[in-house]
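Do you have your viewer ready? Here is a short tour, one selection at a time, beginning with a single residue and ending with the view of the whole.

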Amino acid sequence: MKIKSICCIGAGYVGGPTMAVIAQKCPQVKVTVVDINEARINAWNDKDLSKLPVYEPGLDKVVEEARGRNLFFSTQVDQAIDEADMVFISVNTPTKTYGKGKGMAADLKYIELCARQIARVATTDKIVVEKSTLPVRTASAIKSILDNTNGKDVKFQILSNPEFLAEGTAVTDLLNPDRVLIGGDNDTTEGKEAIEALVSIYANWVPKEQILTTNVWSSELSKLTANAFLAQRVSSINSLSELCEKTEADVNEVAKAIGMDSRIGSKFLKASVGFGGSCFQKDILNLVYIAKTYGLTEVADYWEQVIIMNDHQKRRFAHNIISTLFNTVSGKKIAFLGWAFKKDTNDTRESAAIYVADELLSEQSQISVYDPKVETEQMYTDLDYLNTRSSEENRSGLSVTQDPYETCKDAHAIAILTEWDEFKTYDWQKIYDQMQKPAFLFDGRGLLDIPKLEEIGFVCYKIGSSN
Ligand code: NAD
Ligand code: UGA
């Protein structure tokens, strides 16, 4: 079966970049990305490529090449679904905020709505691809909805094709993936044909040996597992960063020493103020919930500890600022460099900066933030979402500037919350001269040259090192 037309429901951080790359690499396939969020679709269609709703290095070039040729962004969801041979579901799957499983389970209402919409409008056979990250066995629910509500003798095949891209490197990850994973019904001819149809899309640029096919359940569970393992490494090294601070060991030296063991590997061992991002926490909570529903208490507790450690690391960073500043930050200006959850993205979801700010605002500090890519309103939305204090109080406690020197001026302390490269290039002598003394600096990312800053006069704290 040759795919001529693809529809992707959800034009977010995954749907947008993924489909842009598919369209770039498969000019013979028409790719339409649809969303109910009209503002987002308009931004994807903006002539000014700096206004794309997702900031990713290199994405503007890919969109520029394919948009209007075989890549389209639209709010006409029904039409795009019906036209397509293959429909990707790439909508958000946040943690449930209500009812059974509140705070843990994945909220699948958007997925179910998509399945019902596909069933309602489809008049021709479709391959439906789960691109969103989903609990293991979700495909059976999607299949049941599709098969029971269409009523037009349309045949559906369900595939799981989880996405492993990381934000900030989305385009290179999509162009050179470690592997592409496709789960499908490999017991039937139709299932095998569906798997092959998707394999042949990726085979336009991914070497065949890196395209892995499995059964649906393995594919669904592999995505949650991959994120759990990655987050676990960060929590593991972060747990040791605290021990390093007590023992005069240096966490970077420890990470290097263990990372050179090829069985351990050197990646994802950077101690930090805590991991953020829309997925690690959500996916581990989901894994914990699934384990609990099967009565697997030890399995659930084991993975939950990754989250407990991460919460501790964020809180610990804030408390260290407070205790170092002579046990009070009330009325003191604290400069935040960075708000995004990692560099090279404008995404702030679950960013450690939000939680550190929240702790400091509760101690009545005055926070000033500079981030090269995050919009001011986004920062207030992030804080308001926590519901710790009123929106007015958040606005009076936290201010945002477009100039890092302004942010740091008259500050009692600077906290590095995101590892943006530009922070390394600042005139740190000038920043020091304009600060209150002692001039404290808390590097939550192990980014800066601490000995050099200490030479200038800064009093520095670095995650995982006692000096
Ligand atoms: P997102 O919130 O950026 O985008 C989701 C989009 O889906 C939104 O624009 C929303 O308006 C749209 N949407 C929701 N319901 C819809 C409907 N019924 N019809 C049309 N549009 C609808 O989310 P995201 O970050 O792209 O994540 C999507 C999925 O991919 C999640 O399951 C996530 O876990 C997974 N994932 C994310 C990343 C990442 O780096 N962000 C990486 C891998 C996997
Ligand atoms: C992560 C995974 O890396 C992707 O494979 C996955 O597709 C994605 O989640 C997802 O499912 O959403 P992402 O969250 O975009 O990608 O970014 P990461 O590079 O994984 O960073 C996550 C967080 O961990 C960031 O806050 C980062 O600063 C932190 N981190 C990462 C560390 O603190 N130390 C490290 O060594 C690595």
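Start by selecting Glu-350. This is a predicted model, and in it Glu-350 counts as buried because it has 20 C-beta neighbours inside 10 Å; the cut-off for that class is 20 or more. Show the backbone there and check the torsions: phi of Glu-350 is positive, about 60°, although the residue is not a glycine. To see the surroundings, colour strand E9 (333-337) and helix H13 (352-362), since Glu-350 sits in the loop that runs between them.

Next, go to Asp-410. Here again phi is positive in a residue other than glycine, with a value near 65°. Is Asp-410 buried or partly exposed? With 13 other C-beta atoms within 10 Å, Asp-410 is partly exposed. Its loop is the one between helix H16 (404-408) and strand E12 (413-416).

Now move along to Pro-438 and display the backbone atoms of Lys-437 as well. The peptide bond from Lys-437 to Pro-438 is cis, and its omega is near -5°. Pro-438 belongs to the loop that links helix H17 (428-433) with strand E13 (440-443).

The next stop is ligand 2. Select the residues around ligand 2, of which there are 21. Which of them come nearest? They are Lys-270, Ser-272, Phe-275, Gly-277 and Cys-279. Colour the shell by residue class and you will find 11 nonpolar, 6 polar and 4 charged residues. Then highlight helix H9 (residues 216-247), which gives the most to this shell, with 3 residues.

Keep ligand 2 in view and give the two domains separate colours: domain 1 covers 5-206 and domain 2 covers 280-462. Both contribute residues to the shell, so ligand 2 lies between them.

Finally, zoom out and switch to a cartoon of the chain. You should be able to pick out 18 helices and 14 strands. Along the principal axes, the C-alpha atoms fill a box of roughly 75 × 50 × 45 Å. For 467 residues, a compact globule would have a radius of gyration near 23 Å, and the 24 Å of this chain agrees with that. Colour by burial and 47% of the 467 residues count as buried. If your viewer draws a contact map, look at the pairs at least 6 apart in sequence: 75% of these contacts join residues at least 24 apart.

Note on methods:
Residues numbered from 1 in each chain as written. Chains lettered and ligands numbered in written order. Predicted model: local features only at pLDDT ≥ 70, side-chain atom pairs only at ≥ 80, totals over all residues. Near = placed C-beta within 6 Å. Helix = DSSP H or I, 4+ residues; strand = E, 2+ residues; numbered from the N terminus. Nonpolar A, V, L, I, M, F, W, Y, C, P; charged D, E, K, R; others polar. Domains from an automatic or database assignment. Rg over C-alpha atoms; globule rule 2.2 N^0.38 Å. Buried ≥ 20, exposed ≤ 12 C-beta atoms within 10 Å, placed from the backbone. Contact = placed C-beta atoms within 7 Å.
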